[in-house]
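Colleague: Could you take me through one part of this model up close? I'd like to hear how one helix packs against its partners.

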Amino acid sequence: MTRVHDMGGRYGDPAVIPEPQGIVPIGPEWHRKALALTLAAGGLGAWSIDTSRHARESLSPKDYARFSYYEKWMAALADLLVEKGLVTKDELAAGTAEPAGAHPKLFRAEAVGPALKRGSPYTRPGAEPAFAPGDRVRTRLPARNADIPGGHTRLPAYAAGQTGTVILSHGAHVLPDANAHGLGERPEPLYTVAFTAADLWGEAEGEGDEVTLDLWQSYLVPA
Amino acid sequence: MRRPFGRCILDSGFGAPHDAPMPHDHPDHPHSLLPSDPALRVKALETILVRKGLVDPAAMDEILDTYERKVGPHLGAKVVARAWSDPAFRDRLLADATAAIAELGISGRQGEHVVAVENTPDTHNMVVCTLCSCYPWPLLGIPPAWYKSDAYRARAVREPRKVLAEFGVSLPDGQKVRVWDSTAEVRYLVVPMRPEGSEGLDEAALSDLVSRDSMIGTGLAGASK
């Protein structure tokens, strides 16, 4: 079954409201703190980006729908901190903690610039791709994590069971379905696959319109 | 414990009384122990993390300084202006954007694997992340609220042209739309079409024509900046 975050193609949402160009103001002070805390705590290296996405997706559907963006970040951060044993439930409930020395992996100010500039590449040595640009492939149906019921996956429901054409081959990338659950990185060839809007939605808004998705090899079979 | 789990059990499932005075739905989630007011929630987490030596407050300042002052769409605009001015750079950008932007000193978190997609009279490109909010941070900075909104995430894939109209963009007949749903760690940069009448401009003047939205595909270059 899908989770609430998997909303591509959903009906009923209102108009999109554009904003001024340029650098985006992060918002009120608590948004700034939420962003900075999330990245700073992420710098401890206690979880991967896949684990952190899964934590946000695992909020209850009602919380996910009513929480603003940074509230989702905060909730997922609190849940991860407890799950990884870095913070206790009692500390969350108290809103404070006994002072302690710096954690050995504390993400220090002087490391921030270089770390943000470096990023964390997701390519890994791995198997040769089974598909090449031009190949026709079909996606898994239903969209699901093949190992963990209800687990993390990056195949949206709207693109499940669809046939498309490989247009780019990216080499082997960390598999989120495994990495989000601590099952190892299990790198797999990653592709960009193009689907016609007519196939995805029954009819296209405009002739020739397409949607592309980035999909791992195990999501795909030859079509 | 300030907020016993028992109070929330009633509200834990569908069909339960939705309006019960409970800050969160899920009694299994530790986050529901935090205050319900978001500002207080953040404050509590900050206090805990800093006191426990898990977060360096100076690192928080550094992170904010990076994304409030240093990294933003002016960097992506520099890349686009270079591509418009230098055909050899354009070719390198379309072949391997990660390497090409590194030539301009651009790299980093949420931009480890970049693909540049060029708008043409035949194809208009537009980028979304339907599952969360993936976005090329080193090129464009923090995503705008609309990019992260349910409305954009839900609608961009099914009705991109209606969404474009909400940005004041209408595409000519015969130009198809290709929407890139960023489902992996590949980040997409749209290279908008160079506006007519910009022939004599140097790179700095050209980059002024490149709005953030034109590099996401919800705007056109030279339209509004």
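Modeller: Sure, and one bit of vocabulary comes up front: two helices count as roughly perpendicular when the angle between them is 65 to 115 degrees. Keep in mind that this is a predicted model.

Let's look at helix α4 of chain A, which covers residues 69–83. Start with its partner in its own chain, helix α2(A), made of residues 49–57. The axes of α2(A) and α4(A) are 8 Å apart, and the angle is about 115°, so this pair is roughly perpendicular. The crossing of α2(A) and α4(A) is right-handed. On the α2(A) side, the contact uses A:T51, A:S52, A:A55 and A:R56, while α4(A) brings A:K72, A:W73, A:A76 and A:L80. Sorted by class, that contact of α2(A) with α4(A) has four nonpolar, two polar and two charged residues.

Now hop over to chain B. There, α4(A) meets helix α2(B), residues 38–51, with axes that come within 11 Å and cross at roughly 35°. Here α4(A) passes α2(B) in a left-handed crossing. From α4(A) come A:E71, A:M74, A:L77, A:A78 and A:L81, and from α2(B) come B:P38, B:R41, B:V42, B:L45 and B:L49. The contact of α4(A) with α2(B) splits into eight nonpolar residues, two charged ones and no polar ones.

One last neighbour: A:H31, which sits in helix α1 of chain A. Leaving out residues within four places in sequence, A:H31 touches A:I26 and A:Y70. The relative accessible area of A:H31 is 18%, and buried means under 20%, so A:H31 counts as buried.

Definitions and conventions: Residues are numbered from 1 along each chain as its sequence is written. Chains are lettered from A and ligands numbered from 1 in the order in which they are written. This is a predicted model: local features need pLDDT of at least 70, side-chain atom pairs count only at pLDDT 80 or more; totals for chains, interfaces and linings use all residues. Side-chain values use heavy atoms; hydrogens and water are left out. Axes are lines fitted to C-alpha atoms, for helices over the stretch in contact, and angles run from 0 to 180 degrees between N-to-C directions. Helices (H or I, at least four residues) and strands (E, at least two) are DSSP runs, numbered from the N terminus. A crossing is left-handed if the near helix is turned anticlockwise from the far one by less than a right angle, and right-handed if clockwise. Contact means heavy atoms within 4.5 Å. Ala, Val, Leu, Ile, Met, Phe, Trp, Tyr, Cys and Pro count as nonpolar, Asp, Glu, Lys and Arg as charged, and the others, Gly among them, as polar. Buried means under 20% relative accessible area, exposed over 50%, partly exposed in between (1.4 Å probe, protein chains only). Angles under 35 degrees count as roughly parallel, over 145 as roughly antiparallel, 65 to 115 as roughly perpendicular and the rest as oblique.
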